[in-house]
Amino acid sequence: MDLGGFKLRDVTFSVDKCDYVCIIGPTGVGKSILLETIAGLYNPKKGRILLDGEDITHLPPERKHVGVVYQDYALFPHMTVFNNIAYGLRKKIKDKNIVKQEVKRIAELLEIDHLLHRKPGTLSGDEQQRVALARALIVRPKLLLMDEPFSALDVRQRGS
Ligand SMILES: Nc1ncnc2c1ncn2[C@@H]1O[C@H](COP(=O)(O)OP(=O)(O)O)[C@@H](O)[C@H]1O
Ligand SMILES: [Mg+2]
């Protein structure tokens, strides 16, 4: 992996089941690159990434069982909120009714069910972030990675 001279080196850690881990560091230190490497956007030259004992280092992203909420959400601007959330699930499940049910369930959970017909560009930052979270969670990932997950929430919401 060559990112204009930037390299991730000597990164070793493990996470227990059901644990939350925060990676904290100054800007530019490589937090996003680390998450994106675990998610499969970059191919590490050395080292291994294990999930539930399985070596997922070189598996394609859709087979890693890793969900990601990106720092800038990376929502598809031309698609409705419904289609954004359904995106990953449609690759796995062909039954349209099941996809619809699952989108509804997760949208209600995250209180965005009233936004399903809208396009991402018409949403507030906080609403976009919840859509990105729904899109990541709907495929029931074993590991959920969130890059700066509270950046769009106001100070009052961060605590709750
Ligand atoms: N696509 C890229 N190409 C080249 N350099 C990059 C790219 N993405 C990030 N970088 C560089 O890699 C370093 C780490 O970036 P990043 O992981 O985004 O930092 P953080 O998330 O910790 O703020 C920075 O020096 C950044 O400029
Ligand atoms: Mg970052």
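This is a chat about the ligand shell, the helix contacts and a few single residues of a predicted model.

Me: Let's start with ligand 1. Which residues are around it?
Reply: Going along the chain, they are Leu 3, Gly 4, Phe 6, Gly 25, Thr 27, Gly 28, Val 29, Gly 30, Lys 31, Ser 32 and Ile 33.

Me: And how does that shell divide into nonpolar, polar and charged?
Reply: There are four nonpolar, six polar and one charged.

Me: OK, helices now. At what angle do H2 and H3 pack?
Reply: At about 125 degrees, and their axes are 10 Å apart. H2 covers residues 81-92, while H3 covers 96-109.

Me: What do you call that arrangement, and why?
Reply: H2 and H3 count as oblique, because their angle falls outside the ranges for roughly parallel, roughly antiparallel and roughly perpendicular.

Me: Which hand does the crossing have, left or right?
Reply: H2 goes past H3 in a right-handed crossing.

Me: Which residues make the contact?
Reply: From H2 you get Phe 82, Ile 85, Ala 86, Leu 89 and Arg 90. H3 brings Val 99, Glu 102, Val 103, Ile 106 and Ala 107.

Me: What classes are those residues of H2 and H3?
Reply: Eight are nonpolar and two are charged, with no polar ones in that contact.

Me: How about H2 with H4, what's the angle there?
Reply: H2 and H4 pack at about 30 degrees, with axes 7 Å apart. Angles under 35 degrees count as roughly parallel, so that is the word for H2 and H4. Their crossing is right-handed.

Me: Who meets whom between H2 and H4?
Reply: On the H2 side it's Val 81, Asn 84, Ile 85, Tyr 87 and Gly 88, and they meet Val 131, Ala 134 and Arg 135 of H4. By class, this contact has five nonpolar, two polar and one charged.

Me: Which residues of H2 are buried?
Reply: Val 81, Asn 84, Ile 85 and Ala 86.

Me: What covers them?
Reply: The cover includes H3 and helix H4, which is 125-137. Ile 85 is in the H2 list for the contact with H3 and also in the H2 list for the contact with H4.

Me: Switching to single residues. Where is Glu 36, and is it buried or exposed?
Reply: Glu 36 sits in helix H1, residues 31-39. It counts as buried because 20 other C-beta atoms lie within 10 Å, and 20 or more is what buried takes.

Me: What does Glu 36 touch?
Reply: Leaving out residues up to four places away in sequence, Glu 36 touches Leu 41 and Tyr 42. The C-alpha atoms of Glu 36 and Asp 147 are separated by 9.2 Å, though the two residues are 111 residues apart along the chain.

Me: And Arg 105, where's that?
Reply: Arg 105 is in helix H3. With 13 C-beta neighbours inside 10 Å, Arg 105 is partly exposed. Its C-alpha is 9.1 Å from that of Ile 138, which is 33 residues away along the chain.

Me: Last thing: what's the phi of Cys 18?
Reply: It's positive, about 70 degrees, although Cys 18 is not a glycine. Cys 18 lies in the segment before H1 and is exposed, with 5 other C-beta atoms within 10 Å.

Me: What about Asp 52?
Reply: Asp 52 isn't a glycine either, and has a positive phi of about 55 degrees. You'll find Asp 52 in the loop between strands S1 (50-51) and S2 (54-55). It counts as exposed, with 9 C-beta neighbours inside 10 Å.

Key:
Residues numbered from 1 in each chain as written. Chains lettered and ligands numbered in written order. Predicted model: local features only at pLDDT ≥ 70, side-chain atom pairs only at ≥ 80, totals over all residues. Near = placed C-beta within 6 Å. Nonpolar A, V, L, I, M, F, W, Y, C, P; charged D, E, K, R; others polar. Axes fitted to C-alpha atoms, helices over the stretch in contact; angles between N-to-C directions. Helix = DSSP H or I, 4+ residues; strand = E, 2+ residues; numbered from the N terminus. Parallel < 35°, antiparallel > 145°, perpendicular 65-115°, else oblique. Left-handed = near helix turned anticlockwise from the far one by under 90°. Contact = placed C-beta atoms within 7 Å. Buried ≥ 20, exposed ≤ 12 C-beta atoms within 10 Å, placed from the backbone.
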